[in-house]
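Colleague: I am new to reading models like this one, and I would love a close look at a single part. Could you walk me through the pocket lining?

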Amino acid sequence: MKRFKNILCVITTPATGQALLQRAVTLADSNQARLTVVAVAEHVSIGMGMPEGGPVSDGLQAAVVESAQQKLDQAIAPYRGRSEIRGRVLLGSLFLEIIREVLRNGHDLVIKSAEDPEWLDRLLGSEDMHLLRKCPCPVWLVKPGAPMKYRSIVAAVDLDDAHEKEELHTRRLLNFDILELASSLALANFSELHIVHGWEVIGETSMRDGFLRVPEAKVDAYVHQVKKRRESDMARLLEKLNSRPGNHVLDCIEYKVHLVKGSPRKIIPAVSRKVKADMVVMGTVGRTGIPGFITGNTAEMILSQVESSVLAIKPKGFRTPVTLENGDD
């Protein structure tokens, strides 16, 4: 069973902070994990031609940080003694400071309320997308108003095998991480788990409607062959998960496999809506050799359509482009 050991909870607004904090404390308790709760204060810019770093601006900045720390301490106070929990205020750009906190202290999960900008009919705002692209550990974005217990969880896996050997190996490892994490959460929440894969047949349209003039029976046979291969790959993935010593998590939860022909960017959001998913667990896959280049077009299209909370996982080998500043430990 997948467990977190060092959780970072990010409080952005009082409206969503208390529910998020309760979720994070419950998660830390069940995982016997350390929990750090942070708020991020922006740098004060006093303007009017007054110099930065002077006594006035320093005093204002200190007052802003002190006020934020007091509010954070008050929010944490009811949970003192229940968990190993600490609170601190970070100073600077929200996504940058969150990632630097992850780098400094080795957090293995960031949990944060998703932005809900009124001018965008979508779940994720710009700070969230920066985190999804650049944070080196899993990021759990909780939809405002999400139930405390999730009834339905979607695990989106990518079984496409049309990749170079190294990339294919990376994606298979990521699939296992997605399924392991989603099944653990389903077990903890007594949720239904829906394992979703949208599959396509490369060249099918050209063979049926283009200039290749391939006999219909041969195209059908090719499509059937691809489908059977994906079914076999899914079976191996499930067997690998369930055969880990002391695991057998699939024997303990209710789950359903959705192997649906069609584009993943359409299938995954559609299935998520159909099963009324409270959470989608998915990978953000790109080229792991390029720092920060990780959220591919398909992943971003899916993320822009989902209506639930999201838990996004990076593949092994991901390197964040964010670095620690001088003086950071």
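How many residues of the lining of the largest pocket are nonpolar, how many polar and how many charged?

Modeller: Happy to help! Please keep in mind that this model is predicted. The lining of the largest pocket is made up of 16 nonpolar, 8 polar and 8 charged residues. As for the space itself, the largest pocket has a volume of about 580 Å³. It is lined by 32 residues, and the closest to its centre are Asp158, Asp160, Arg171, Pro264 and Thr298. Several elements give two or more residues to this lining: helix 5 (165-189), strand 7 (192-199), helix 7 (216-242), helix 8 (264-274), strand 9 (279-283) and helix 9 (297-303).

Let us stay with helix 5 for a moment. Helix 5 has 25 residues, which at 1.5 Å a residue should span 36 Å, and its end C-alpha atoms are indeed 36 Å apart, so the two values agree. You will find helix 5 mostly covered, with 18 of its 25 residues buried. Just after helix 5 comes Phe190, which takes a positive phi of about 55°.

For a companion view, turn to the second largest pocket, which holds about 420 Å³ of space. Here 17 residues form the lining, and Ile11, Thr12, Thr13, Pro14 and Ala39 are the closest to the centre. Helix 1 (14-31), strand 2 (34-41) and helix 2 (55-76) each give two or more residues to the lining of this second largest pocket. By class, that lining has 10 nonpolar, 5 polar and 2 charged residues.

Note on methods: Residues numbered from 1 in each chain as written. Predicted model: local features only at pLDDT ≥ 70, side-chain atom pairs only at ≥ 80, totals over all residues. Heavy atoms only, no water. 1 Å grid on protein atoms, 1.4 Å probe; cavity = no way out; pocket = protein on both sides within 12 Å on 5 of 7 lines; lining within 4 Å. Points joined across faces, edges and corners; volume = space filled by probe spheres on them. Helix = DSSP H or I, 4+ residues; strand = E, 2+ residues; numbered from the N terminus. Nonpolar A, V, L, I, M, F, W, Y, C, P; charged D, E, K, R; others polar. Expected span 1.5 Å × (residues − 1). Buried < 20%, exposed > 50% of the residue type's maximum accessible area, 1.4 Å probe, protein only.
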